[in-house]
Amino acid sequence: GKIEVKEVEGDMSTIIQVKVAPSDIGKVIGKQGRIIEAIRTLGKAIGGKSKRNYMIEMIEDTPRYKESQ
């Protein structure tokens, strides 16, 4: 599967957007949410050192369909 990571910076915080294929979203979240929570913990640790708030946002990458005429 394909995973895309995008960083969106604001004044006081940074959002890390993780775009994941629907078939892989369970792998990134992990059993009982352990993997995503570990990723979020890393974001908090990095933010604490840099005095910046890091938020992890999961996005399901759904296919886009073109309208046919």
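This report describes charged and polar side-chain contacts in the structure above.

The structure is a predicted model, in which local features need pLDDT of at least 70 and side-chain atom pairs count only at pLDDT 80 or more, whereas totals for chains, interfaces and linings use all residues. Residues are numbered from 1 along each chain as its sequence is written, and side-chain values use heavy atoms, with hydrogens and water left out.

**Salt bridges**

A salt bridge is defined here as a side-chain nitrogen of Lys or Arg within 4 Å of a carboxyl oxygen of Asp or Glu. Four salt bridges are counted by this rule. The table lists pairs from among them, with the distance between N and O atoms.

| Pair | N to O distance |
|---|---|
| K2 and E4 | 3.4 Å |
| K27 and D24 | 3.3 Å |
| R40 and E37 | 3.6 Å |

Accessibility is described in three classes: buried means under 20% relative accessible area, exposed means over 50%, and partly exposed lies in between (1.4 Å probe, protein chains only). In the pair of K2 and E4, K2 is exposed, at 52% relative accessible area, and E4 is partly exposed, at 33%. In the pair of K27 and D24, K27 counts as exposed at 60%, while D24 counts as buried at 9%. In the third row of the table, R40 is partly exposed with a value of 30%, and E37 is partly exposed with a value of 43%.

Helices (H or I, at least four residues) and strands (E, at least two) are DSSP runs, numbered from the N terminus. R40 and E37 both belong to helix α2, which covers residues 34-50. Three residues, about one turn of the helix, separate R40 from E37.

**The surroundings of D24**

D24 is placed in the loop between β2 (13-20) and α1 (25-29). Contact means heavy atoms within 4.5 Å. When residues up to four places away in sequence are not counted, D24 touches G1 and K2. K2 is also the salt-bridge partner of E4, and D24 itself is joined by a salt bridge to K27.

**The surroundings of R52**

R52 is found in the loop between α2 and β3 (53-60). The side chains of R52 and T14 are joined by a polar contact of 2.8 Å. A polar contact is a pair of N or O atoms within 3.5 Å; within protein, one must be able to donate a hydrogen and the other to accept it, and residues adjacent in sequence count only if both atoms are side-chain atoms. With residues up to four places away in sequence not counted, R52 touches E9, G10, D11, M12, S13, T14 and G47.
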